[in-house]
Amino acid sequence: MMNITIDMNGYEFSMEVSPQEPILETKQKIQNFLGVPVASIILSVFGFELLDRFSIQDYSIITQGTKIQLTIQNTTIGETSLQQNISSKFQIIIKMSSRKLNIDIDSTETVRSLKEKIHIIDGTPIRRMSLYFSGNELNDEYRSLMEYGVQEFSEIVVFLKTMSRMVTDPPSRGLSLVVQTSSSLLNSAKIPIEMSDLGTVNDLRQLLLDPKILPMDEYIFIHKQRIMRDSCSLRWHGVENGDFVYVFKGSVSREGC
């Protein structure tokens, strides 16, 4: 087995592959991981497309740790564009009382995570922020910005709540979720898990590793086709009761909450 790195628009994750496996099989692994149809996946190295009928070892330029570029064709599944399912980056404009900010966000960014970014850049307390887009308040912190119609170069206005309007974050609550393993782990097992919504992805990992449900290794967790961040809570990711979280063997470098 050998380790390769898949680069998807600046998002990277690693995979174990066999040198003898066809490129088509590698695409099928990516399909299981991201939920993107094989027919929409294009893999390339240094600008050369990797063809389905050839194996990894047929390409001498692919060695341990080689970075392979993943491109998703702009095809449509039902009425939903693939580009809406795959996380990509674009820029929006944040209007504050004293200045404007240009911020790069993910297409699956939530209202809460945008507030976190504004706090990091500007220092504005998260609890005092009210975000408005097209005259409407973005009042569901765990809803994605795209669900509110936010697109590239959209302008979001930040108003500051007075101290009398400030409220504390809601208390923690228990979640019942299902961890779905990939086909290479436990034959695609479904593992019911109960934990606090303030628990982090690292906490979830420990729940799975401590009782030896999963062997000690590096794993990537996916929720609604978004790579989850280890130090961020399930609440931050917008995980709700009954949601599925997918686990895949590999590692990825991502920024914190």
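**Salt bridges, cores and surface of the predicted model**

A search of the whole structure finds 13 salt bridges, and the model in which they occur is a predicted one. Side chains of opposite charge can pair when their charged atoms come close. One such pair consists of Glu21 and Lys29, whose closest N and O atoms are 3.0 Å apart; Glu21 counts as buried, at 4% relative accessibility, whereas Lys29 is partly exposed, with a relative accessible area of 21%.

A further salt bridge, at 3.6 Å from N to O, is formed by the side chains of Glu155 and Lys95. Because Glu155 lies in strand β12 (residues 155-160) and Lys95 in strand β8, this pair ties together parts that are 60 residues apart in sequence. Both partners are partly exposed, Glu155 at 34% relative accessibility and Lys95 at 29%.

Within helix α3, by contrast, Arg112 and Glu116 are four residues apart, and therefore separated by about one helical turn. Their side chains meet in a salt bridge of 3.5 Å, N to O, although Arg112 counts as buried at 12% relative accessibility and Glu116 counts as buried at 15%. Salt bridges that share partners extend this pair into one network that joins Arg112, Lys115, Glu116 and Glu141.

Turning to the fold as a whole, the protein contains four helices and 17 strands, and 46% of its 257 residues count as buried. Of the contacts with a separation of 6 or more, 59% are accounted for by residues 24 or more positions apart.

The largest nonpolar core has 26 residues, and Ile62 and Leu70 are those with the most contacts inside it. Two or more residues are given to this core by each of the elements β1 (2-8), β2 (11-17), α1 (23-34), β3, β5 (67-72) and β15 (219-223). When neighbours within four places in sequence are left aside, Ile62 is in contact with Met2, Ile4, Val45, Leu50, Ile56 and Ile68. Helix α1 also holds Thr26, which counts as buried because its relative accessibility is 1%, under the limit of 20%. Beyond its neighbours within four places in sequence, Thr26 is in contact with Ile4, Met15, Val17, Glu21, Leu43 and Ile56.

A second, separate core of 20 residues includes Ile92, Leu114, Ile126 and Leu131. Leu114, found in helix α3 (residues 111-122), is buried with a relative accessible area of 0%. Its contacts, again leaving aside neighbours within four places in sequence, are with Ile92, Ile94, Ile105, Glu109, Leu131, Leu145 and Ile156. The C-alpha atoms of Leu114 and Glu141, which are 27 residues apart along the chain, are separated by 9.2 Å.

Strands of a sheet pair through backbone hydrogen bonds, either parallel or antiparallel. An open sheet of five strands has the order β9-β8-β12-β10-β11, with mixed pairing, and its edge strands, β9 (100-106) and β11 (136-137), each pair on one side only. Strand β8 (residues 89-95) pairs with β9 in the antiparallel sense over seven bridges, and Ile103 in β9 is the bridge partner of Ile92.

At the surface, the protein has an accessible area of about 13300 Å², of which 49% belongs to carbon and sulfur atoms. A nonpolar patch is formed there by Phe46, Phe48 and Ile61, which together have about 380 Å² of accessible area. Phe46 lies in the loop between β3 (41-45) and β4 (48-49) and is exposed, with a relative accessible area of 68%.

Key
Residues are numbered from 1 along each chain as its sequence is written. This is a predicted model: local features need pLDDT of at least 70, side-chain atom pairs count only at pLDDT 80 or more; totals for chains, interfaces and linings use all residues. Side-chain values use heavy atoms; hydrogens and water are left out. Patches are made of residues with over 30% relative accessible area and no salt bridge: like charges are joined within 9 Å, nonpolar side chains (Val, Leu, Ile, Met, Phe, Trp, Tyr) within 5 Å. Accessible areas come from the Shrake-Rupley method with a 1.4 Å probe; for residues, only the protein chains shown count as cover. A salt bridge is a side-chain nitrogen of Lys or Arg within 4 Å of a carboxyl oxygen of Asp or Glu. Buried means under 20% relative accessible area, exposed over 50%, partly exposed in between (1.4 Å probe, protein chains only). Contact means heavy atoms within 4.5 Å. A nonpolar core is a set of buried Ala, Val, Leu, Ile, Met, Phe, Trp, Tyr and Cys residues joined through side-chain atoms within 4.5 Å. Two strands pair if DSSP finds at least two bridges between them.
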